[in-house]
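User: I'd like to go through this structure and see how each label is earned. Can you set the values against their definitions for me?

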Amino acid sequence: MIGTILISVGVLAFVVAAVGLIKLPDLYSRISAVTTASGLGLSLVISGVFLHQPTLGNGLKSGLAIVINLSTAAVGGHAIARAGYLTGAPRARIQYDDLTADSED
């Protein structure tokens with residue numbers, strides 16, 4: 001039963017991210033929603049599936065899949081945000097830019 005609850009909560013995280021892709025105003029907010037859902041949602045789904053078939057082999061595979069997903073989702077989100085920044089993707093709410101070359105310290 002706990003496995004089913006974890007899977008359901010993980011799926012709910014993906015649904016919230018899908019709504020965020022539609023409703024959020026700019027690239028950076030959308031990346032944040034998707035990256036968070038990827039990390040949290042997939043970890044919960046994998047953990048729930050593991051609880052349905054708890055063996056040592058499945059535990060190792062599940063743990064490895066979660067670690068790989070968490071590390072690559074963060075790097076991928078950062079790379080997409082950087083590419084958006086470098087190509088001049090518009091920002092909806094942020095009015096300041098700490099990354100410009102002419103910023104004053």
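Analyst: Sure, helices first: they are DSSP runs of H or I with at least four residues, strands are runs of E with at least two, and both are numbered from the N terminus. Y85 lies in one of these, helix α3. The model is predicted, so local features need pLDDT of at least 70 and side-chain atom pairs count only at pLDDT 80 or more, while totals for chains, interfaces and linings use all residues. Residues are numbered from 1 along each chain as its sequence is written, and side-chain values use heavy atoms, with hydrogens and water left out.

User: Why is Y85 called partly exposed?

Analyst: Buried means under 20% relative accessible area, exposed over 50%, and partly exposed in between (1.4 Å probe, protein chains only). Y85 has 26%, so it is partly exposed.

User: And what makes D26 buried?

Analyst: Its relative accessible area is 7%, so D26 counts as buried. D26 sits in the loop between α1 (2-23) and α2. Contact means heavy atoms within 4.5 Å, and, leaving aside neighbours within four places in sequence, D26 is in contact with P90, R91 and A92.

User: Which residues does Y85 touch, with the same neighbours left out?

Analyst: Leaving aside neighbours within four places in sequence, Y85 is in contact with Y28, R91, D97, L99 and T100.

User: How do you know that α3 has the span expected of a helix?

Analyst: The expected span is 1.5 Å times one less than the number of residues. α3 has 31 residues and reaches 45 Å from first C-alpha to last, close to the 45 Å expected. The buried residues of α3 are S62, I66, N69, A73, G77 and G84, and what covers them includes α2 (27-52). As for the spacing, an α-helix has 3.6 residues a turn, so residues three or four places apart point the same way.

User: How does the radius of gyration of the protein compare with that of a compact globule?

Analyst: The radius is taken over C-alpha atoms, and the globule rule is 2.2 Å times the number of residues to the power 0.38. A compact globule of 105 residues would come out near 13 Å, but the protein has 18 Å. The C-alpha trace spans about 55 × 25 × 20 Å along its principal axes.

User: What is the pattern along the sequence?

Analyst: The pattern reads α-α-α, with 3 helices and 0 strands in the protein.
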